[in-house]
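Below is a short set of questions and answers on how the terms for charged pairs and interfaces apply to one model.

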Amino acid sequence: MTVYVLCFALFLVGVYGVLTKRDLIKIILSTGIMGYSANLFLILFAYKKGAVYPILSKGEEIKAMVDPLPQALVLTSIVIELGITAMLVALAIKLYEKYKTFDITKIRRLSG
Amino acid sequence: MPVETWLLFILSYMIVGSIVALELKNILASIVSIGIVGLGVSISFLFLQAPDLAIVQFLFEIFALIILVRAFAKREYHEEKAARVSGVMYFITVIVLVAVLVVSIPVFRALPPFGDPIMWVANYYLKNGAAETGSANLVTSVILDYRAYDTLGEVTVLFTAILGALTILKVRSKKEEREEDEDE
């Protein structure tokens, strides 16, 4: 259970960054931290004590294996996170070109 | 040492590392030290018996570092001041987040204990996966056979995100275009 709590604490560090930092780059990094901890939480759920990874090999008896379902879902989720990071970075670059700053307290006007 | 002890160690290390990365003044150091969290997640995946995920996470970390450094390294950077909220609000934010953590502990107690998952669906996959799909790696058999429609949807999301990023970078506002026309 302590592992779950620590994983949630990592998520809250990401929330803290999003709420208090004034720098766009640090906000992007904070969303990354939140993504990491969400993925890790799902995999923590899948772990079974004394089990091995779910890959079969010839001539070996099937022992207890960990849950393959969350692993399969997280695998694609990690890749999607990369796409999201790239999109956030693109938005940040556009904002920088317009306002010449990454400080979000100075980005106030919304005009096209 | 049992797996749980290792995980506790790595997770505390990652929490400290992420706080340090967010509080550093130099933005390049901040981007690099966020790698503590990503590579820590990768090592945790190895301990949790998910080798494919560990490799993907490692690659993700490298690519994210390249994208972030390439995008932000050359730009003129402002001096970072204190947090964007005032002193009182800052403390209220921290206290509320800690309170959320403390209040949520009973929720984690209600979850199945660590190392003892509910495997209703997974037992079917583990028993019949190799015979039905012919794949030795059962994670692959879930991704590409049992949950192939999910994977298709996720690939669509990834494609849309990359398309969005390219569109945002390419599009220019009308004002800029007009200015360029006037220059010509």
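Q: What makes A:Glu97 and A:Lys94 a salt bridge?
A: The term requires a side-chain nitrogen of Lys or Arg within 4 Å of a carboxyl oxygen of Asp or Glu. In this predicted model, the closest N and O atoms of A:Glu97 and A:Lys94 are 3.4 Å apart, so the pair meets the definition. The two residues are 3 apart in helix 3 of chain A, which means a separation of about one helical turn.

Q: Why is A:Glu97 called partly exposed?
A: Buried means under 20% relative accessible area, exposed means over 50%, and partly exposed is in between (1.4 Å probe, protein chains only). A:Glu97 has a relative accessible area of 40%, so the middle class applies.

Q: What makes the pair of B:Glu23 and A:Lys21 a salt bridge, and which parts does it link?
A: The closest N and O atoms of B:Glu23 and A:Lys21 are 3.2 Å apart, so the rule is satisfied. The pair crosses between chains, from helix 1 (residues 3-23) of chain B to the loop between helix 1 and helix 2 of chain A. Helices here are DSSP runs (H or I, at least four residues), numbered from the N terminus. The count between chain A and chain B is 1 salt bridge.

Q: Is A:Lys21 buried or exposed, and how do you know?
A: A:Lys21 has 6% relative accessibility and therefore counts as buried. Its partner B:Glu23, at 32%, is partly exposed.

Q: Why does the salt bridge of A:Arg22 and A:Asp103 tie together parts that are 81 residues apart in sequence?
A: A:Arg22 lies in the loop between helix 1 and helix 2 of chain A and A:Asp103 in the segment after helix 3 of chain A, so the pair joins these parts. Their side chains meet at 3.0 Å, N to O. Both A:Arg22 and A:Asp103 are buried.

Q: How many residues of chain A and chain B are in contact?
A: With contact meaning heavy atoms within 4.5 Å, 80 residues of chain A touch 92 residues of chain B. The buried area is about 8,200 Å², with 77% from carbon and sulfur atoms; this is the accessible area (1.4 Å probe) that two parts lose on being put together, summed over both.

Q: How are the residues and values to be read?
A: Residues are numbered from 1 along each chain as its sequence is written, and chains are lettered from A in the order in which they are written. Local features need pLDDT of at least 70, side-chain atom pairs count only at pLDDT 80 or more, and totals for chains, interfaces and linings use all residues, while side-chain values use heavy atoms, without hydrogens and water.
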